[in-house]
Amino acid sequence: NMEKLNLQHNGLSGSIPTSLAQLVNIRYLNLRLNKIDGTIPSGLENATLMESFIVDYNQIRGTVPVGLCNNYVSGPLQELLVDCNVKCTCCNYCFRVSRCELTKSCNN
């Protein structure tokens with residue numbers, strides 16, 4: 001029943017565990033400022049209650065799962081922060097040239 005997980009600036013390395021997709025009630029996930037690499041697990045798109053997904057300032061590559069973008073467009077996701085080298089169909093600009101930031105409050 002975990003709703004908030006803040007692991008910002010913890011020196012984490014390796015990839016994002018696919019087991020995080022089992023946290024179906026997660027609303028806030030912050031992995032910012034670590035040494036995480038690899039891709040964003042597609043299973044995270046099943047976290048349909050997620051309001052904030054923050055993984056910028058890591059070495060993540062690949063693409064933001066379509067389901068996460070769909071949760072932004074028509075769901076509760078309010079904040080999506082990834083580095084700009086991560087492809088994202090719902091991110092529309094890079095902020096400070098180093099990350100892609102998309103928040104509903106600044107998209108209007």
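**Close-up 1. D56 sits buried in a loop of this predicted model.** D56 has a relative accessible area of 0%, so this residue counts as buried, the cut-off being under 20%. The model shown here and in every other view is predicted. Where along the chain does D56 lie? Its place is in the loop between β5, which covers residues 52-54, and β6. Look for R32 as well: the side chains of D56 and R32 make a polar contact, at 2.8 Å.

**Close-up 2. N6 is a partly exposed residue in the β1 strand**. Strand β1 spans residues 4-6, and N6 is found there. Is N6 buried or exposed? Neither, quite: its relative accessibility is 42%, which means that N6 falls in the partly exposed range between the 20% and 50% cut-offs. Leaving aside residues up to four places away in sequence, N6 touches Y28 and N30. With N30, the C-alpha atoms are separated by 4.8 Å, although the two residues are 24 apart along the chain. Back on the local side, a polar atom of the N6 side chain lies 3.1 Å from the backbone nitrogen of Q8.

**Close-up 3. Three strands pair up in parallel as an open sheet**. Reading across the sheet, the order is β2-β4-β6. Its edges are β2 (13-15) and β6 (59-60), each of which pairs on one side only. How many bridges join β2 to β4? There are 3, and the two strands run parallel, with β4 covering residues 35-38. To pick out one bridge, start from S15 and go to D37, its partner in β4.

**Close-up 4. The largest nonpolar core brings together 24 residues**. Which of them have the most contacts inside the core? Those are I16, L29, I40, F53, V55, V64 and L80. Two elements, α1 (66-74) and β7 (79-83), give two or more residues each to this core. The largest share comes from α1, with 3 residues. As background, nonpolar side chains tend to be buried together in soluble globular proteins.

**Close-up 5. Zooming in on F53 and what it touches**. F53 is one of the core residues with the most contacts inside the core. Not counting residues up to four places away in sequence, F53 touches L29, I40, L44, L68, L77, E79, L80 and L81. Among these, L29, I40 and L80 are on the list of best-connected core residues too.

**Close-up 6. Two stretches of the chain have pLDDT under 50**. For the chain, pLDDT averages 84, and 83% of the residues score at least 70. Residues 94-98, though, have pLDDT below 50, and beyond near neighbours in sequence the model gives this stretch 7 contacts. Residues 104-108 also stay under 50, with 8 contacts beyond four places in sequence. Where pLDDT is low, the predicted coordinates should not be read in detail.

**Close-up 7. Stepping back to the chain that frames these views.** The chain has 1 helix and 9 strands, and along the sequence they follow the pattern β-β-β-β-β-β-α-β-β-β. Of its 108 residues, 43% are buried. Among contacts with a separation of 6 or more, 47% are between residues 24 or more positions apart. The chain exposes about 5,800 Å², with carbon and sulfur atoms supplying 49% of it.

Definitions and conventions:
Residues numbered from 1 in each chain as written. Predicted model: local features only at pLDDT ≥ 70, side-chain atom pairs only at ≥ 80, totals over all residues. Heavy atoms only, no water. Helix = DSSP H or I, 4+ residues; strand = E, 2+ residues; numbered from the N terminus. Buried < 20%, exposed > 50% of the residue type's maximum accessible area, 1.4 Å probe, protein only. Contact = heavy atoms within 4.5 Å. Areas by Shrake-Rupley, 256 points an atom, 1.4 Å probe, with all protein chains shown as cover. Pairing = 2+ DSSP bridges. Polar contact = N/O pair within 3.5 Å; in protein donor to acceptor, adjacent residues only side chain to side chain. Core = buried A, V, L, I, M, F, W, Y, C linked by side-chain atoms within 4.5 Å. pLDDT = per-residue confidence, 0-100.
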